[in-house]
Amino acid sequence: MLDGKLHLSTPEGVTLALTPAGAARRGYAWFIDLLLRVLLNILLTIGLVLLLGPTMGRGLALVGYFLMEWAYPVVFEVFGSGMTPGKRMLGLQVVRDDGLPVGWRESALRNLLRGIDFLPMLYGVGLVIMLMDGNFRRIGDMVAGTLVVYREPAAKAVALAQAEPLPLPFPLTPQEQHALLDLVERVRSVPPQRQQELGDLARPLTGLDGEASLQRLFQYAAGLTGEARS
Amino acid sequence: MTVQLESLQIDIRPGSHAAAIDLGQSLLRRYWQQVYLAWWLPWLTLAVLLWLCLPAAYLGWGTLAIWWLRPLFDRLPVYILSREVFGERVTAWQALRAWPWQLGGWLRSLTWWRPIMLGRGLYAPIWMLEGAKGRFANQRRRALGARGAYGAASWFGLACVHFTLVLELALLAMLGLFMARPEEANPMLFMIKYFSDPATLALTGHICYVIADGLIGPVYASGCFTLYLRRRAELEGWDIELSLRRLAERRRRLATLGKSALAMLLCAALWALPQHDASAATCAPSKAQLELEKQRGPAHNASQAALRRDIDAVFQSDEFRQWDCQMTWAPKKRPEAKQDDEENWLVRFLTWLFKNRKPGEAKDEEQKIHDFSGAGAVKLGLIGVLVALFAWLLWRYRGPLGALVTQRRQRAAPPQQVLGMDIRPETLPEDVPASVNRLWQAGSRREALALLYRATVSKLAHDHALELHRGDTEGDILAASQAAHRNGALPQPAEAACAEVTGVWRNAAYAARWPDDAQLDHALAAWRLGLGGGGA
């Protein structure tokens with residue numbers, strides 16, 4: 001089953017799913033960072049030239065350009081929990097391939113190797129490698145052992161429909177209980193005709209058809225969560 | 001398209017649009033061979049035809065034309081992936097044969113805005129797979145493109161356009177890098193050099209575009225296709241349906257399990273009833289027996305026929321019967337050999353390599369020579385490469401490997417002092433017994449015995465590699481030497497010498513019971529024998 005995720009098991013027996021982000025999304029993030037860096041460079045140059053005169057100002061601005069190119073990603077990744085401003089805007093995050101946050105070593109390594117990925121021009125090598133790798137890593141990521149993943153948005157609790165709680169007709173496995181709750185949360189978002197069909201499909205569980213079957217499912221779900229009180 | 005959700009190969013639980021698009025890349029990675037083959041056959045043909053037909057100055061228009069036709073090529077990955085994703089195997093050739101029918105709305109898809117529509121990949125399956133047309137198709141588009149899905153597809157299309165551009169420029173830059181002199185290394189050199197020569201620039205541009213878009217095109221199509229699938233699954237609650245179906249299936253299995261449990265109880269009750277003896281079951285005689293009977297000629301006369309009947313009857317009896325009837329249980333359905341293995345190129349290659357001769361085939365000289373010339377040569381070559389690789393690996397890592405071998409022999413250096421005595425070998429006199437005798441004769445008996453004991457400990461630690469520690473006592477050293485002797489690490493004379501010298505030294509040093517000359521001579525003789533050999 002392809003789900004585009006990387007499943008990691010912790011020693012505690014918890015499975016974490018990381019979703020590596022593809023080349024397109026990372027490209028947008030890089031572009032936003034590029035724009036931001038250019039803007040900062042312009043502001044820096046103007047400020048330094050006005051403050052220190054043209055010669056000294058431009059000299060110092062060159063140092064600023066260097067730092068903006070090489071230190072900007074490392075500093076933001078280390079102090080911004082793996083997110084440069086562009087990555088933060090697009091919901092991306094750099095983590096180590098075991099799911100831990102990146103440190104100086106990883107961040108410096110993956111950003112220094114941009115030099116290789118940039119070859120021969122505009123990330124040509126990096127793009128090809130990213131398309132070939134299963135986890136969308138460029139060479140810098142492979143060497144540093146890092147991944148760029150989607151930051152999972154915090155799950156929003158959906159208010160369930162009010163219903164009289166009922167016990168389940170037969171015991172369900174934890175996965176099936178999750179599936180039932182998922183169904184109850186989402187079934188109202190599909191077209192009405194389809195809702196009827198889904199209700200019919202739930203017949204082995206409820207013994208009813210259509211809308212009545214869905215209502216019964218809501219009751220079971222209320223019995224599972226214990227939230228809805230009549 | 002009939003939807004068979006059970007055989008779906010990808011996870012269609014709702015998630016972000018970006019993750020859905022990335023899933024397309026994973027899908028493409030799994031079926032890249034078919035997809036790229038199907039794409040590249042017509043793609044390359046068209047590109048070469050355009051290059052051949054158009055005059056050099058107009059090749060740029062050819063590149064534009066092939067870009068214009070790209071929506072038609074998008075159909076091939078969608079055709080393959082939409083079937084593979086439901087577990088149906090499609091070869092590149094099948095996809096190409098179905099292609100003319102997939103072009104369906106080709107006139108429509110070549111309307112001028114279509115190639116510019118960045119999110120077109122999301123809508124392509126609507127009529128390709130659902131066959132929706134007219135107003136209904138519009139409705140479907142609105143429904144599928146809602147909640148930012150069309151925006152996501154468009155952004156992805158924009159990214160893919162840039163990826164194509166990046167790859168084109170990268171290819172040109174690589175040419176430039178190789179053309180540049182080593183000291184200047186200029187990726188832009190190619191474009192600078194041939195800027196004034198439009199024909200060369202157009203040809204290289206054409207080649208680079210064909211390569212770049214041939215790589216990125218399937219990526220775009222597959223990304224949009226998985227976005228379409230996820231979006232549709234979200235709209236129609238496919239994952240809900242799947243989990244409900246699984247639940248029903250488990251429920252049904254539970255019910256049949258209950259029934260079969262009941263049946264088993266019944267069987268157990270029936271167990272007590274008399275059973276047929278399995279070995280007594282009647283069955284046809286074995287093939288060998290029938291062969292034997294066939295070889296007999298016809299009976300000469302009635303008495304021979306009667307005799308044969310008698311013999312057969314005897315052989316049919318339990319005592320002489322040569323075959324045995326047994327009833328056994330066998331699974332009704334044997335698990336079929338995995339089809340995938342046969343499809344795998346590696347398996348096919350290995351089969352060709354090692355099983356090219358069928359077992360029953362004659363192996364005459366000619367055949368052997370033929371074998372040798374084909375697979376045999378490859379086999380020999382592969383074996384040669386393996387041997388060379390192994391030798392090279394051994395040579396390459398001789399350092400670490402040598403360290404591994406010698407590591408066992410290396411151990412901590414013996415301490416410089418034991419019992420407060422300096423046991424470094426260089427502090428000992430050349431001839432220890434002679435020095436001891438000299439000191440003994442000169443009347444410094446304590447120094448003589450101390451030297452003897454110090455020399456003993458030093459020899460044990462350095463020549464016999466006895467593991468001693470700074471804080472060991474005479475007893476510890478003696479015990480260590482005895483243990484080493486038991487392990488076979490210390491020869492018997494050395495151990496005896498150690499024991500004797502230790503006894504003499506202890507008596508003298510702690511009890512002031514000095515040995516007489518004969519005792520000392522004996523100890524020195526033992527020392528000479530066991531430890532004086534100048535090292536083991």
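1. Where in chain B does Gln416(B) lie? Gln416(B) belongs to the loop that runs between helix 18 (398-407) and strand 1 (417-418) of chain B. Helices (H or I, at least four residues) and strands (E, at least two) are DSSP runs, numbered from the N terminus. Setting aside residues up to four places away in sequence, Gln416(B) touches Met421(B), Asp422(B), Ile423(B) and Arg424(B), a contact being heavy atoms within 4.5 Å. His469(B) is 53 residues from Gln416(B) in sequence, and the two are 9.3 Å apart in space, C-alpha to C-alpha.

2. On the basis of the model: this is a predicted model, in which local features need pLDDT of at least 70 and side-chain atom pairs count only at pLDDT 80 or more, while totals for chains, interfaces and linings use all residues. Residues are numbered from 1 along each chain as its sequence is written, chains are lettered from A and ligands numbered from 1 in the order in which they are written, and side-chain values use heavy atoms, with hydrogens and water left out.

3. Chain A has eleven helices and four strands. Of its 230 residues, 42% are buried, that is, under 20% relative accessible area (exposed is over 50%, partly exposed in between; 1.4 Å probe, protein chains only). Among the contacts in chain A with a separation of 6 or more, 61% join residues 24 or more positions apart. About 12,300 Å² of chain A is exposed, and carbon and sulfur atoms supply 66% of it.

4. The structure contains five cavities of 30 Å³ or more. A cavity is a set of points on a 1 Å grid over the protein atoms alone where a 1.4 Å probe fits but cannot get out, and its lining residues have an atom within 4 Å of a point. The second largest holds about 80 Å³ of space. Both chains contribute to its lining, which includes Leu131(A), Phe136(A), Phe156(B) and Phe163(B). Helix 1 of chain B gives the most, three residues. By class, the lining has eight nonpolar, two polar and one charged residues.

5. No disulfides are counted over all chains, a disulfide being a pair of cysteine sulfur atoms within 2.5 Å. For Cys224(B), the closest cysteine sulfur is that of Cys160(B), and the distance of 7.3 Å is too far for a bond. Cys224(B) is buried, with a relative accessible area of 0%. Cys208(B) is also buried, with a relative accessible area of 6%.

Terms used: On a 1 Å grid over the protein atoms alone, a cavity is a set of points where a 1.4 Å probe fits but cannot get out, and a pocket is an open set with protein on both sides within 12 Å along at least five of seven lines; lining residues have an atom within 4 Å of a point. Grid points are joined across faces, edges and corners, and a volume is the space filled by probe spheres set on the points. Ala, Val, Leu, Ile, Met, Phe, Trp, Tyr, Cys and Pro count as nonpolar, Asp, Glu, Lys and Arg as charged, and the others, Gly among them, as polar. Accessible areas come from the Shrake-Rupley method with a 1.4 Å probe; for residues, only the protein chains shown count as cover.
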